[in-house]
Amino acid sequence: MKLQEKLSAIQQNIKVGKTRTNKFANYKYRNCEDILTAVKPLLDGCSLKITDEIRLVGEHVYVEATAEISLGEELMQTKAQAFIDLHKKAMSAEQKVGSASSYARKYALNGLFLLDDNTDPDSLKVEAEASIESSNAIKDVMEGL
């Protein structure tokens with residue numbers, strides 16, 4: 001069996017619920033460890049590797065995570081980035097990098113295994129902003145009539 005077939009089987013069979021709760025913002029989420037726990041029994045001879053690299057873009061520092069699945073010589077990978085907020089208070093430098101690494105790894109795995117995050121707080125924020133922009137545009141048009 002080829003890697004694409006095995007990856008497709010993993011994508012169809014992986015189940016990773018959002019069982020964790022953010023007590024401050026009151027939303028459900030999954031973390032990187034939840035994804036890894038769910039995928040390990042499904043690998044069926046495939047190898048999974050996750051790596052991080054620190055990137056500097058202008059004055060901004062990012063963690064770029066790569067999630068890579070392989071079977072023999074075949075290889076597929078996805079990448080995700082997370083900004084390291086060096087000015088964030090109440091966190092040590094190590095915690096800032098670790099937090100960005102966890103975030104980037106989670107989203108690299110989400111991409112590789114096609115995990116749906118439609119109800120993720122990040123997507124909700126984007127939807128809310130788009131809705132506000134749309135409402136403002138309609139309001140502007142209506143006021144111009």
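1. Let's start with the salt bridges. In this predicted model, the count of salt bridges comes to 7. Side chains of opposite charge can pair when their charged atoms come close. A few of these pairs are worth finding on your screen, and the next points take them in turn.

2. The side chains of Lys49 and Glu68 form one salt bridge, with N and O 4.0 Å apart. Lys49 belongs to strand S3 and Glu68 to strand S4, so this pair ties together parts that lie 19 residues apart in sequence. How covered are the two partners? Lys49 has 46% relative accessibility and counts as partly exposed, whereas Glu68, at 17%, counts as buried.

3. Another salt bridge joins the side chains of Glu53 and Arg55, with an N to O distance of 3.4 Å. Glu53 is partly exposed, its relative accessible area being 41%. Arg55 is also partly exposed, at 34% relative accessibility.

4. Now look at Glu64 and Lys79, whose closest N and O atoms are 3.9 Å apart in a salt bridge. Glu64 sits in strand S4 and Lys79 in strand S5, so the pair ties together parts 15 residues apart in sequence. Glu64 counts as buried at 11% relative accessibility, while Lys79 counts as partly exposed at 45%. Which residues make up the network of salt bridges that includes this pair? Glu53, Arg55, Glu64 and Lys79 are linked in it.

5. The strands named so far make up a sheet. It is open, has 3 strands in the order S3-S4-S5, and its pairing is antiparallel. Strand S3 (47–57) and strand S5 (74–83) stand at the edges with a single partner strand each, so one side of each has no neighbour in the sheet. From one strand to the next, the twist averages 20°. As background, strands of a sheet pair through backbone hydrogen bonds, either parallel or antiparallel.

6. You can follow the pairing strand by strand. S3 and S4 run antiparallel and are joined by 11 bridges, and in this pairing Arg55 stands opposite Tyr62 in S4. The hairpin of S3 and S4 has 2 residues between the strands, and Gly58 takes a positive phi near 65° there.

7. On the other side of the sheet order, S4 (residues 60–71) is joined to S5 by 10 bridges, and these two strands also run antiparallel. Glu64, which we met in the salt-bridge network, has Gln81 as its bridge partner in S5. Leu71 stands opposite Glu74 in S5. The hairpin of S4 and S5 has 2 residues between the strands, with Gly72 taking a positive phi near 60°.

8. Is S4 mostly covered or mostly uncovered? It is mostly covered, since 10 of its 12 residues are buried. Helix H3 (residues 93–113) lies across S3, S4 and S5, and runs at about 140° to S5.

9. H3 deserves a look of its own. Its 21 residues should span 30 Å at 1.5 Å a residue, and its end C-alpha atoms are 30 Å apart, which agrees. Which residues of H3 are buried? They are Lys96, Ala100, Ser101, Ala104, Lys106, Ala108, Leu109, Asn110, Leu112 and Phe113. H1, H2, S3, S4 and S5 are among the elements that cover them. Just after H3, Leu114 takes a positive phi of about 55°.

10. Finally, turn to the nonpolar core. In soluble globular proteins, nonpolar side chains tend to be buried together. Here the largest nonpolar core holds 28 residues, of which Ile14, Ile69, Leu109 and Phe113 touch the most other members. Helix H1 (3–13), helix H2 (32–39), S4, S5 and H3 each supply at least two residues of this core.

11. To explore the surroundings of one core residue, try Ile14. Leaving aside residues up to four places away in sequence, Ile14 touches Ile35, Ala38, Val39, Leu42, Phe113 and Leu115. Phe113 also appears among the buried residues of H3 and among the core residues that touch the most other members.

How values were computed
Residues are numbered from 1 along each chain as its sequence is written. This is a predicted model: local features need pLDDT of at least 70, side-chain atom pairs count only at pLDDT 80 or more; totals for chains, interfaces and linings use all residues. Side-chain values use heavy atoms; hydrogens and water are left out. Two strands pair if DSSP finds at least two bridges between them. Helices (H or I, at least four residues) and strands (E, at least two) are DSSP runs, numbered from the N terminus. Axes are lines fitted to C-alpha atoms, for helices over the stretch in contact, and angles run from 0 to 180 degrees between N-to-C directions. Contact means heavy atoms within 4.5 Å. Buried means under 20% relative accessible area, exposed over 50%, partly exposed in between (1.4 Å probe, protein chains only). A nonpolar core is a set of buried Ala, Val, Leu, Ile, Met, Phe, Trp, Tyr and Cys residues joined through side-chain atoms within 4.5 Å. The expected span of a helix is 1.5 Å times one less than its number of residues.
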